[in-house]
There are 2 protein chains.
Amino acid sequence: MGLAGSAALPLLGKAALGIDGKNAGTAAAQPLSVGVAGYTFAKFDVDQSIAMMKRIGVMNLSVKDIHLPVNSSDAKIKEVMDKYKAAGINVYTVGVIYMRTKEAVEQAFQYAKKVGVNMIVGVPNYELVDYSEEQVKAHDIRLAIHNHGPEDKLYPGPKDVYDHIKNRDPRMGLCIDIGHATRAGYQPEKAVKDFKDRLFDLHIKDVSLAAKDGKAIEIGRGAINFPALVESLRKIKYQGMCSIEFEKDMTDPLPGIAESIGYFKGVVAAEA
Amino acid sequence: MGLAGSAALPLLGKAALGIDGKNAGTAAAQPLSVGVAGYTFAKFDVDQSIAMMKRIGVMNLSVKDIHLPVNSSDAKIKEVMDKYKAAGINVYTVGVIYMRTKEAVEQAFQYAKKVGVNMIVGVPNYELVDYSEEQVKAHDIRLAIHNHGPEDKLYPGPKDVYDHIKNRDPRMGLCIDIGHATRAGYQPEKAVKDFKDRLFDLHIKDVSLAAKDGKAIEIGRGAINFPALVESLRKIKYQGMCSIEFEKDMTDPLPGIAESIGYFKGVVAAEA
């Protein structure tokens with residue numbers, strides 16, 4: 001490749017060198033991209049969410065129906081997506097979308113198509129997983145099923161998701177919510193390895209206790225071992241997003257979101 | 001030591017196991033304590049500062065004269081210190097205090113004594129360093145001289161401090177401001193090693209550029225290599241505080257403080 005090849009390396013940019021471009025050194029270092037799950041901004045509108053994302057410097061978003069309803073008109077979808085685009089925000093998926101009827105499954109895939117994403121984070125009822133797989137194939141849109149903790153009758157932990165999709169189309173996978181998974185008795189650093197072949201997305205957060213009663217807390221203050229999680233993500237060469245879903249202080253979440261993102265980025269930088 | 005010795009380990013508590021108690025594993029792991037330099041809260045009063053410290057969960061403070069003037073009456077000192085005490089905040093030093101006259105040096109040491117700290121972070125004029133040393137000896141209170149960047153005519157970088165104190169009483173030392181040091185051409189991860197025998201305190205922050213024009217920015221977004229810094233601090237078995245001094249968005253600093261503290265804690269946890 002000669003000089004041109006060598007000269008190209010500095011042009012790879014921050015993304016290729018990991019989230020902060022420091023200490024990565026070689027192209028072999030694994031990027032870990034950080035995002036936000038839209039539920040974090042449940043108490044705020046689209047403009048307020050955008051302002052908070054800019055403030056924390058995180059530009060990947062999983063859009064929640066609170067900010068863009070699944071039954072939105074084409075005009076509404078364009079209006080909201082134009083706002084994100086103008087702000088430089090990359091909408092990489094939609095969800096979490098609950099699918100309790102065949103119509104809801106169809107609606108979710110139509111919505112994802114119009115929004116322009118190739119993945120849905122969703123929760124289909126068991127009897128709709130067959131039909132969801134049909135839709136995945138028909139639209140070539142991936143479905144990452146989300147676990148919701150010990151209270152969830154469908155998918156309390158990642159294994160409950162995995163068992164429903166492991167023999168299906170490879171575009172059926174998991175969005176592991178590491179907080180709910182921890183409350184359901186899983187160690188996130190182990191779960192991401194156990195289900196690595198179908199791990200599409202991650203909702204990152206911390207919980208005060210590794211038990212059902214664990215409460216949402218700033219990342220780094222709780223029970224989850226983030227250095228071990230990041231080490232596992234590097235080992236499995238995870239290519240998806242690490243999207244923070246912060247569910248504490250929901251009417252005044254910015255300091256907690258910022259601390260959480262900071263902590264996660266610090267761990268990623270130190271282990272680069 | 002038998003059973004009693006083994007059983008004692010879990011009783012060491014969080015402080016002995018590093019700032020978050022995770023991943024440290026052995027008593028050999030070096031604790032790195034996090035604090036705040038009072039100038040961070042320059043636009044806020046004592047009560048507002050306390051509320052922000054509680055929110056970010058950092059309970060070590062270097063009190064700045066903005067919040068407790070050096071000429072305060074005994075009653076005023078008691079009033080303010082009682083507030084910190086009631087909030088569980090450990091005031092570990094006072095400063096940065098500028099000392100441009102002999103009277104100012106005396107006043108600073110009297111103030112430190114009344115506040116009840118055993119260290120002053122200060123900036124004595126060159127011609128007052130002799131007298132400062134006398135006061136250090138008379139009161140058995142340490143003096144950590146603070147560097148202030150390329151604009152500073154007295155102490156632009158840590159070597160300018162070190163050269164003035166290296167042959168003096170061992171209670172004369174440095175508070176390295178890593179942001180100003182970086183702007184003055186130092187690498188913090190090298191500076192803390194070079195001056196380790198006199199390193200008493202640290203003001204941690206990040207700067208957008210490793211140059212005079214570098215601006216204050218959230219820790220992790222700038223030019224300073226925090227993983228390398230933390231590695232150096234562990235190597236020299238640094239026993240002092242790492243106090244964030246955040247100088248961006250000073251009228252609305254909480255998200256930036258939180259992100260910065262989160263990042264630093266994440267690096268520390270990952271390298272424990």
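Where in chain A is A:Asp249 found? Select A:Asp249 and you land in the loop between E10 and H11 of chain A. Keep in mind as you go that this is a predicted model.

**Stop 1: two loop residues with positive phi**

While you are on A:Asp249, check its backbone: phi is positive, about 45°, although the residue is not a glycine. A:Asp249 has 15 C-beta neighbours inside 10 Å, so it counts as partly exposed; the exposed class would need 12 or fewer.

Now step back along the chain to A:Lys237. You are in the loop between H10 and strand E10 (241–244) of chain A. Here too phi is positive in a residue that is not a glycine, this time at about 55°. Is A:Lys237 buried or exposed? Count its C-beta neighbours inside 10 Å and you get 8, so A:Lys237 counts as exposed.

**Stop 2: a cis peptide in each chain**

Select A:Gly95 and A:Val96 and look at the bond that links them. That peptide bond is cis, with omega near 5°. A:Val96 belongs to strand E3 of chain A, which covers residues 90–99.

Then jump to chain B and pick B:Gly95 and B:Val96. The peptide bond between this pair is cis as well, omega again being near 5°, and B:Val96 sits in strand E3 (residues 90–99) of chain B.

**Stop 3: H3 against H11**

Back in chain A, show helix H3 (residues 46–56) together with helix H11 (residues 254–270). Their axes come within 10 Å and cross at roughly 40°. That angle is why H3(A) is called oblique to H11(A). Turn the view to look through one helix at the other, and you have a right-handed crossing.

Which residues of H3(A) meet H11(A)? Put side chains on A:Met52, A:Arg55 and A:Ile56. Facing them from H11(A) are A:Leu254, A:Ile257, A:Ala258 and A:Ile261. By class, this contact has six nonpolar residues, one charged and no polar.

**Stop 4: where the chains touch**

Leave H11(A) on screen and bring chain B back in. At this interface, 26 residues of chain A are in contact with 26 residues of chain B. On the chain A side, the elements that contribute two or more residues are H3, helix H10 (226–235) and H11. Which of them gives the largest share? It is H11(A), with 14 residues. Colour the chain A side by class and you should see 12 nonpolar, seven polar and seven charged residues.

**Stop 5: into the core**

Next, the inside. The largest nonpolar core has 149 residues. For landmarks, select the residues with the most contacts inside this core: A:Leu174, A:Phe264, B:Leu174 and B:Phe264.

Zoom in on B:Phe264. Setting aside neighbours within four places in sequence, B:Phe264 is in contact with B:Val34, B:Ile204, B:Ile219, B:Phe226 and B:Cys242, and with A:Gly266 from the other chain.

**Last stop: zoom out**

Finish with the whole of chain A in cartoon view. There are 11 helices and 10 strands to find. Of the 272 residues in chain A, 47% are buried. If you plot a contact map for chain A, take the contacts between residues at least 6 apart in sequence: 69% of these join residues at least 24 apart.

Note on methods. Residues are numbered from 1 along each chain as its sequence is written. Chains are lettered from A and ligands numbered from 1 in the order in which they are written. This is a predicted model: local features need pLDDT of at least 70, side-chain atom pairs count only at pLDDT 80 or more; totals for chains, interfaces and linings use all residues. Axes are lines fitted to C-alpha atoms, for helices over the stretch in contact, and angles run from 0 to 180 degrees between N-to-C directions. Helices (H or I, at least four residues) and strands (E, at least two) are DSSP runs, numbered from the N terminus. Angles under 35 degrees count as roughly parallel, over 145 as roughly antiparallel, 65 to 115 as roughly perpendicular and the rest as oblique. A crossing is left-handed if the near helix is turned anticlockwise from the far one by less than a right angle, and right-handed if clockwise. Two residues are in contact if their C-beta atoms, placed from the backbone, lie within 7 Å. Ala, Val, Leu, Ile, Met, Phe, Trp, Tyr, Cys and Pro count as nonpolar, Asp, Glu, Lys and Arg as charged, and the others, Gly among them, as polar. A nonpolar core is a set of buried Ala, Val, Leu, Ile, Met, Phe, Trp, Tyr and Cys residues joined through C-beta atoms within 7 Å. A residue is buried if 20 or more other C-beta atoms lie within 10 Å of its own, exposed if 12 or fewer, and partly exposed in between; C-beta atoms are placed from the backbone.
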